Amino acid sequence: LTSPSNAALKAEQTTLIQATLNAMDPLDREIIALRHFEQLTREEIARTLEIAESTVSRRYFRGLETLRNSLDPDAGAQP
């Protein structure tokens, strides 16, 4: 069972993730979607989008970092 406070937290996180994805560069968003929802490899994504594999890697990790920072702004802070 989910407590009301856990349900509210999950709803807030979902809204935050959606807002972050909507604000993201469309290509970064597409790469994340292809990787996580379509479960394509880096090579398959590069072929599908007609871009270099290195570009897929850079943009994928940049997109993940953006999502991580939106959920935990202190995650990217240096000590």
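A salt bridge is a side-chain nitrogen of Lys or Arg within 4 Å of a carboxyl oxygen of Asp or Glu. In this predicted model, Asp28 and Arg62 meet that description, with their closest N and O atoms 3.1 Å apart. The pair brings together distant parts of the chain, since Asp28 belongs to helix 2, Arg62 belongs to helix 4, and 34 residues separate them. The two partners sit in contrasting surroundings. Asp28 has a relative accessibility of 4%, so it counts as buried. Arg62, with a relative accessible area of 43%, is partly exposed.

A search of the whole structure gives 6 salt bridges. Another of them joins the side chains of Glu53 and Arg42, at 3.2 Å from N to O. Here too the pair links distant parts of the chain: Glu53 lies in helix 4 and Arg42 in helix 3, 11 residues apart. Glu53 is partly exposed, at a relative accessible area of 33%, and Arg42 is also partly exposed, at 45%.

A salt bridge can also stay inside one helix. Glu65 pairs with Arg68, and their closest N and O atoms are 2.6 Å apart. Glu65 and Arg68 are about one helical turn apart, because 3 residues separate them in helix 4. Glu65 is partly exposed at 31% relative accessibility, and Arg68 is partly exposed at 43%. Elsewhere, salt bridges with shared partners tie Asp25, Asp28, Arg59 and Arg62 into one network. The pair described at the start, Asp28 and Arg62, therefore belongs to this network.

Attention now turns from charged pairs to the nonpolar interior. The largest nonpolar core has 11 residues: Leu21, Met24, Ile31, Ile32, Leu34, Leu40, Ile45, Ala46, Val56, Tyr60 and Leu67. Three helices each give at least two residues to this core, namely helix 2 (26–36), helix 3 (42–49) and helix 4 (53–71). One member, Leu40, is a helpful place to look in the structure. Setting aside residues up to four places away in sequence, Leu40 touches Leu34, Arg35, Ile45 and Thr48. Of these partners, Leu34 and Ile45 are listed in the core as well.

Helix 4 returns repeatedly in this account, and its geometry can be checked with simple arithmetic. Its 19 residues, at 1.5 Å a residue, should span 27 Å, and the end C-alpha atoms are indeed 27 Å apart, so the expected and computed values agree. The calculation works because the expected span is 1.5 Å times one less than the number of residues. The buried residues of helix 4 are Thr55, Val56, Ser57, Arg59, Tyr60, Gly63, Leu67 and Ser70. These buried residues pack against helix 1 (4–23), helix 2 and helix 3. Val56, Tyr60 and Leu67 also appear in the nonpolar core, while Arg59 takes part in the salt-bridge network.

Ser70 offers a detailed example of a buried position in helix 4. Its relative accessibility is 18%, which means that it counts as buried, the cut-off being under 20%. Apart from neighbours within four places in sequence, Ser70 is in contact with Leu16 and Thr20. The contact with Thr20 includes a polar one, in which the two side chains come to 3.1 Å. Thr20 is also a useful reference point for Arg68, another residue of helix 4. Although Arg68 and Thr20 are 48 residues apart along the chain, their C-alpha atoms are separated by 9.9 Å.

The loops between helices show a further feature, this time in the backbone. Gln39 lies in the loop between helix 2 and helix 3. Its phi is positive, at about 55°, although Gln39 is not a glycine. Gln39 is exposed, with a relative accessible area of 62%. A similar description fits Glu50, found in the loop between helix 3 and helix 4. The phi of Glu50 is near 55°, again a positive value in a residue other than glycine. Glu50 has a relative accessibility of 71%, so it counts as exposed.

How values were computed:
Residues numbered from 1 in each chain as written. Predicted model: local features only at pLDDT ≥ 70, side-chain atom pairs only at ≥ 80, totals over all residues. Heavy atoms only, no water. Core = buried A, V, L, I, M, F, W, Y, C linked by side-chain atoms within 4.5 Å. Buried < 20%, exposed > 50% of the residue type's maximum accessible area, 1.4 Å probe, protein only. Helix = DSSP H or I, 4+ residues; strand = E, 2+ residues; numbered from the N terminus. Contact = heavy atoms within 4.5 Å. Polar contact = N/O pair within 3.5 Å; in protein donor to acceptor, adjacent residues only side chain to side chain.
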